[in-house]
Amino acid sequence: MKRVFFVTGIIASGKSSFMQRARTLGFKCVDADKIAHSILASYPNEIAKILDNSSFLQDGIIDRKRLGRLVFNDDALRKKLEKFMHPKIKLGIVEEIQKSNGIIFVEMPLLFETKDYENLGEVIVIYAPKELCLSRLMQRNNLSEAEALQRLNAQMDIEEKRKLADIVIENLGSWDEFEDKCEEFFRSLN
């Protein structure tokens, strides 16, 4: 029987760590960001045209850091990019779900923001408060507080995501504590 879980949260909440554990345990995992990266690689000139800006292209290839700085500083550009990207990402995710059986985990950072995935599966929110994610993001990505806040503020508030979740897995303490909570969830699937 097919069972689909969409895994979301905010940046630096622990989604990728949860997904890595799911992969290690042999579950089918789909990463929306990897699908997005493939789309970016396939459509650099179209994206430059849509955004009316090619400053993020280097030898015809998208420099994702430059693109990120550009769109996180301009809501209108970010919305244009999302309008182009999201339908293609959804198509890639749906194709992966259709060709899989059993339990499937889909890492989808902007699940609630897009509203395109309702009724396709259960929603797991990996929860950590915004302040904790801010410090993790600054350290992990070597960002200033302002840069990290731009990225966090581009996503729906984690407290709102928590309210919309079917399942919440908290990531508030140490790595070992989070890993124990993940293991408890995975055991519950048997």
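Me: What makes β1 and β6 a pair in this predicted model?
Reply: Bridges. Two strands pair if DSSP finds at least two bridges between them, and strand β1 (residues 3-8) has four bridges to β6, running in the parallel sense. That meets the cut-off, so they are called paired.

Me: Which residues stand opposite each other there?
Reply: Thr8 stands opposite Val125 in β6, and Phe6 has Val123 in β6 as its bridge partner.

Me: How do you know that β1 pairs with β5 as well?
Reply: Same kind of test: at least two bridges are needed. β1 and strand β5 (residues 103-107) are joined by five, in the parallel sense, so they count as a pair. One of the facing positions is Val4, opposite Ile104 in β5.

Me: And what makes β7 a partner of β6?
Reply: Four bridges link β6 to strand β7 (residues 167-170), and the two run parallel. Set against the minimum of two, that makes them a pair, so the name fits. Ile124 has Ile167 in β7 as its bridge partner.

Me: Why is β6 called largely enclosed?
Reply: A residue is buried when its relative accessible area is under 20%. Five of the six residues of β6 (residues 122-127) are buried, so the rest of the structure largely encloses this strand.

Me: How do you know that β1 is mostly covered?
Reply: By the under 20% cut-off, five of the six residues in β1 are buried, so "mostly covered" is a fair label.

Conventions
Residues numbered from 1 in each chain as written. Predicted model: local features only at pLDDT ≥ 70, side-chain atom pairs only at ≥ 80, totals over all residues. Heavy atoms only, no water. Buried < 20%, exposed > 50% of the residue type's maximum accessible area, 1.4 Å probe, protein only.
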